[in-house]
Amino acid sequence: MRQLIAGNWKMNGKLADGAALAASLDAQAGDLACDLLICPPATLLATLAAQLSGSKIHVGAQDCHAKPSGAHTGDISAPMLRDAGAAWVILGHSERRADHGESDAVVLAKVLAAVAAGLAPIVCVGETEAQRLAGEQNTVVALQLTGSLPPDFAGVVAYEPVWAIGTGRTPSEADVAEMHAHIRATLVSHLGATGGGLRILYGGSVKPSNAAALMSLPEVGGALVGGASLVAADFLAIAHASDAVATGVRAG
Ligand code: PEP
């Protein structure tokens, strides 16, 4: 399965910084065996989508509203993101679940809106540290998956333990492998055969030094990268670590 290395720029980047980072990625990406995606802030989408048109780097958004238009001040709909040049959208990120109170039902509505607009969704799930310490991670993640994914879901899932995001901490390789196997089993039971073929990304403090180990784990279909996606050399090093796994050459 071709891995997806996705960069979540979060609320970072003005026009000049974003254009420079995208140009740097485009100039250095070369031939990759993985898919490369950047998700800049919505303010940069149209510019970067135009700048990268014809490039191998895909462009996506970080969220969308569930409705196609209407009286929702400050929100942006999936058709508007598509119109701006986005092809993908991250949904249900833990920062949105926490900061904006997004429930699984809200995420599900957004997934349906994204797909209807022609956007490929990346749906994030993951437990808090308290839930892991209580041994509840498998239940929490299964409930998020069954509550957030429609029965015909054909997008990407990202497992992002909340406590690993932006902290420099990651679960052990055994814990990542165990959770990805659990997610695979849940996807197959919820979605049938389609669930066996969907990519499951790992996200949470992925960096050049741990990417090769994480990307080579069973059922890991790529990475969702936050902080390290803001530095071209680091993001590309992660992509090259994924490539090394695909070609059987273990980097570092
Ligand atoms: C994220 O927020 O999606 C993420 C994985 O962040 P970081 O890589 O900085 O932990």
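A polar contact here is a pair of N or O atoms within 3.5 Å. With that in hand, welcome to some close-ups of this predicted model.

**View 1. His93 and its polar contact with the ligand.** A polar side-chain atom of His93 sits 2.7 Å from an oxygen atom of the ligand. His93 is also among the residues that come nearest to the ligand, together with Lys10, Glu160, Gly166 and Ser205, out of 14 residues around it.

**View 2. Backbone atoms of Gly226 and Gly227 beside the ligand.** For Gly226, a polar backbone atom lies 2.8 Å from an oxygen atom of the ligand. For Gly227, a backbone N or O atom is 2.8 Å from an oxygen atom of the ligand.

**View 3. Helix 5 packed with helix 7.** Helix 5 spans residues 104–116 and helix 7 spans residues 137–148; their axes are 8 Å apart and make an angle of about 40°. The two helices are therefore oblique to each other, and their crossing is right-handed. On the helix 5 side, Asp104, Ala105, Val107, Leu108 and Val111 meet Leu143, Gln144, Gly147 and Ser148 of helix 7. By type, these contact residues comprise 5 nonpolar, 3 polar and 1 charged.

**View 4. Positive phi at Lys10 and Glu219.** Most residues other than glycine have a negative phi, which makes this pair worth a look. Lys10 has a phi of about 50° and belongs to the loop between strand 1 (4–8) and helix 1 (15–28). Glu219 has a phi near 70°, and its loop runs between helix 9 (208–215) and strand 8 (222–225). You have already met Lys10 in View 1, as one of the residues nearest the ligand.

Terms used
Residues numbered from 1 in each chain as written. Predicted model: local features only at pLDDT ≥ 70, side-chain atom pairs only at ≥ 80, totals over all residues. Heavy atoms only, no water. Axes fitted to C-alpha atoms, helices over the stretch in contact; angles between N-to-C directions. Helix = DSSP H or I, 4+ residues; strand = E, 2+ residues; numbered from the N terminus. Parallel < 35°, antiparallel > 145°, perpendicular 65-115°, else oblique. Left-handed = near helix turned anticlockwise from the far one by under 90°. Contact = heavy atoms within 4.5 Å. Nonpolar A, V, L, I, M, F, W, Y, C, P; charged D, E, K, R; others polar. Near = heavy atom within 4 Å. Polar contact = N/O pair within 3.5 Å; in protein donor to acceptor, adjacent residues only side chain to side chain.
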